[in-house]
Amino acid sequence: MTTVQDIEKYEAFTIETVIDFAKEKGWFTTDSQVVATEIGDGNLNYVFRLVDENQKSLIVKQSLPYAKVVGESWPLTLKRATTEAEVLKTHGLYVPNLVPKIFFTDEALAITVMEDLSHLTIAREGLVAGKYYPNFVNDLTTYLANTLFYTSDFAMHPFDKKNIQAKFSNPELCKITEDLIFTDPYIEIDTNDFEVALTDEVQALWNNKLLKLEVTKLKYSFMTEGEALLHGDLHTGSVFINEQETKVIDPEFGFYGPMGFDIGQVLANLIFQYIVRKGEAKQQILKDVINVWAQFESKFTELWQKEGNASFAEIEGYLQSVLGKVYADTIGFAGAELIRRTIGLAHVKDLDSIVDDNVRIQAKKQVLSLGENLILKRKQMKDTKDLAAVIVGGNE
Ligand code: SR1
Ligand code: MG
C-alpha cells in the first residue's frame, strides 16, 4: 500500500522538472542542452528519455500513484517502481546481458533511472510490423531458464529463498493479474472489452463451467505456488530487441509464483503472431512457439544437472516430474493470456490493429477457441507435438 507519507514525498515529473532533477543529480552538466520526451506506451507508468547535445542519454521511469490506463480512479502502489528495479537487479545476477543497467532508484519519487535502449525496438511493435527476430526464442529461453532456476528452491538455500520470497510479495500488482487474467474475462463486468460480433463466443465462455473450474485452478496456482521470482508480465511489450540484442524490461509485476506463468506469457504472445501471420512466416512462428518449451526444457535441465541442490537433483525422476508440472502450467497460463488479451481490459496490438473487421473477428474467435483448448487439454499434452497439434488444429 502507498501511504499518505509516501504520497506527500512524491511529485510527478514534467518534461521540465525531470531535466532539472537530472541536472541536480549531476547526470548532465547544468549548462547542457538536455531534451526530455515522454515515450511511455505501457498501461501504468511514465517513461522520460533525456538526451543532451552530445547524444548522452538515459531513461527516467516514474510510476504514477494510479494506473495510467484507467486514471486516478484506480489507485496503485508506488512501490512497484522499487519492485521493478529489485527484480531487474536480481535477474541481472543471472542474465546480465538480457536486462537493462540500473543507475539510480528513489522509492519516494517512484523512479528508476536506467540505460537508454532506444536503439532497440519493442518486440511487439516489430512483430506487428512483420519483422522476425531470429534470437528472440534463444534469448528469452536463456532468460527464463536462468531466472526461474536460480531463484528457486532447486538452486537456493531454503533460508535465502524464503527471505527473498517475502521481499517480493507484491500484493497489489498480483491482484491486478488475479482479476484481469483469471476472474474478469469469465464474468460480465464493465472492464471487459470486446466487439459485439464476439458476444456469442463470450457468452458461451461465461457459461462454460468446466473452463471456469480449470481457470480457477490456474488462479489458485498463481496465488499460492511460490516456485521462483517471476517477471510477472512477460509479454512482447516487455522485450526490447533487434537482430543482435535482447533486453527484458518492466518486471513491476514480479513476485514469487509458478514458473509456467512467465513461460506461458511468452508462449501466448508468440501465438498471437502465429494466428495473424500467413504462409512461411506463420510456420516459422509455430517453430518458435514450440522451441520456447523445447529450449527452456533443455536449458533448465542443464542447469539442474550442473547446479541443482542435491536433495532434489539426485532424486531419480524428480526433474521429469517438475518439468511435467511446469509444462502443463505453461500451457494453461498461455491459454488464460490468450483469452484475457482478446476480451478483457488490456488488449494486444497484434489483434486490435487488424483493420478488416471480418479478419479481426475471425482471428479473435480462433484465439478464444485456442485459449480454451489449451486450458482444458493442458494436462493431456505430453510433448511439444501434442502442443503443435492443438495450436494448428483450429487454425489452418
Ligand atoms: C491495469 S494494468 C493492465 C495490464 O497492463 C500490464 O502490462 C499488465 O499486463 C496488466 O494486466
Ligand atoms: Mg509493463
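This note goes through a predicted model in numbered points, from a strand hairpin to the aromatic pairs and the nonpolar cores.

1. The hairpin. Strand β6, residues 102–106, pairs with strand β7, residues 111–114, in the antiparallel sense over 4 bridges. Within this pairing, Thr-105 of the hairpin stands opposite Thr-112 in β7. The two strands have 4 residues between them, and in that turn Ala-110 has a positive phi of about 55°.

2. An edge-to-face pair. The count of aromatic pairs in the model comes to 24. One of them is formed by Phe-154 and Phe-312, whose centres are 5.2 Å apart and whose planes stand at 90°, an edge-to-face arrangement. Because Phe-154 lies in the loop between α5 (136–150) and α6 (158–167) while Phe-312 belongs to helix α12 (residues 310–313), the pair ties together parts that are 158 residues apart in sequence. Phe-154 is buried, with a relative accessible area of 10%, whereas Phe-312, at 27% relative accessibility, counts as partly exposed.

3. A tilted pair within one helix. The rings of Trp-293 and Phe-296 have their centres 5.4 Å apart, and because their planes meet at 45° the pair is classed as tilted. Both residues lie in helix α11 (residues 279–307), and because they are 3 residues apart there, about one helical turn separates them. Trp-293 and Phe-296 are both buried.

4. The aromatic cluster. Ring pairs join the residues of the two preceding points into a cluster, whose members include Phe-154, Trp-293, Phe-296 and Phe-312, together with Tyr-94, Phe-149, Phe-300 and Tyr-327.

5. Charges over rings. Lys-56 lies over the face of Phe-28, at 5.1 Å from the ring centre. In a second case, the charged end of Lys-282 sits over the ring of Tyr-274, 4.4 Å from its centre.

6. The largest core. In soluble globular proteins, nonpolar side chains tend to be buried together. The largest nonpolar core in this model has 84 residues, and those with the most contacts inside it are Phe-136, Phe-182, Phe-296, Phe-300, Leu-374 and Leu-387. Helix α13 (residues 318–343) gives the most to this core, with 12 residues. Leaving aside residues up to four places away in sequence, Phe-300 touches Ala-145, Phe-149, Phe-154, Met-259, Leu-319 and Leu-323, and of these Phe-149 and Phe-154 also belong to the aromatic cluster.

7. The second core. A separate core of 16 residues includes Ala-36, Leu-50, Leu-58 and Val-113. Val-113 falls within strand β7 (residues 111–114) of the hairpin, which links this core to the opening point of the note.

Note on methods
Residues numbered from 1 in each chain as written. Chains lettered and ligands numbered in written order. Predicted model: local features only at pLDDT ≥ 70, side-chain atom pairs only at ≥ 80, totals over all residues. Heavy atoms only, no water. Pairing = 2+ DSSP bridges. Phe/Tyr/Trp six-rings, centres within 6.5 Å; stacked < 30°, edge-to-face > 60°. Buried < 20%, exposed > 50% of the residue type's maximum accessible area, 1.4 Å probe, protein only. Lys NZ or Arg CZ within 6 Å of the ring centre and 35° of its normal. Core = buried A, V, L, I, M, F, W, Y, C linked by side-chain atoms within 4.5 Å. Contact = heavy atoms within 4.5 Å.
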